[in-house]
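Colleague: I'm new to this one. Could you show me the model and walk me through where the ligand goes?

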Amino acid sequence: MSDQLDERHAVYVGSFDPPTLGHCDIISRGAGLFGRVTVGIGINPDKTPLFSSEERLSLLREIVLPLENVEVACFEGLAVDFVRQCGAAVMLRGMRTLTDIESEFTLTLANRHLAPDIETVFLMASEQYTSISSTLIKQIAGMGRAGSVDQLVEFVPETVVAPLLAKFRD
Ligand code: ADP
């Protein structure tokens, strides 16, 4: 629709606090579908995240290292504005449950109103990742049980395990 925005470039926005295997799955599948994928870490000044924006940026950069068409950046403000700044025509989202569909539907309609030339594309979560959320992972890590490491590698990339456990050590 727009001659300025790149239809082969998708931006995947989220909080990624912390990045999970579900996020990684969407990123790698997106990288296979699009020529270029930008992972956008949304910074919300009203929320106190577990991981700072710098920490999330560095974790995600390490995670996407093997994917040469993926880059990572932080942004503040509206996601559609960030997608436009990137020059991308596509906003990529993941979808896990019926609850996700409901909230994503509302969000997508609002985004379409704000930016009709940016299309939202959804990828259904892979079966093994449908129940994974950053919130759940923080709960598991916070319980600090013996064997946490073994359990966490089922939910987050290995690079995230140690920094995650360190957050709850004190
Ligand atoms: P937010 O807090 O903004 O929802 P998240 O980082 O939790 O951001 O998620 C970003 C995007 O990734 C959303 O589209 C969300 O539905 C999707 N997502 C989150 N977890 C998963 C998962 N396990 N599988 C597939 N998609 C996911």
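Modeller: Let's start with a term: a polar contact is a pair of N or O atoms within 3.5 Å. Also, this is a predicted model, where local features need pLDDT of at least 70 and side-chain atom pairs count only at pLDDT 80 or more, while totals for chains, interfaces and linings use all residues. Residues are numbered from 1 along each chain as its sequence is written, and side-chain values use heavy atoms, with hydrogens and water left out.

Colleague: Which side chain has an N or O atom 3.2 Å from a nitrogen atom of the ligand?

Modeller: Oxygen atoms of the ligand have other partners: a backbone N or O atom of Phe-16 at 3.0 Å, and a side-chain N or O atom of His-23 at 3.1 Å. For the ligand nitrogen at 3.2 Å, the side chain is that of Arg-96.

Colleague: How much of the ligand's accessible area does the protein cover?

Modeller: Areas here come from the Shrake-Rupley method with a 1.4 Å probe. On its own the ligand has 550 Å² of accessible area, and the protein's share of cover is 83%.

Colleague: Which residues come nearest to the ligand?

Modeller: A residue counts as near if one of its heavy atoms lies within 4 Å. The shell holds eight nonpolar, five polar and four charged residues, with Gly counted as polar. Of the 17 residues around the ligand, the nearest are Tyr-12, Ser-15, Gly-94, Tyr-129 and Ile-132.

Conventions:
A polar contact is a pair of N or O atoms within 3.5 Å; within protein, one must be able to donate a hydrogen and the other to accept it, and residues adjacent in sequence count only if both atoms are side-chain atoms.
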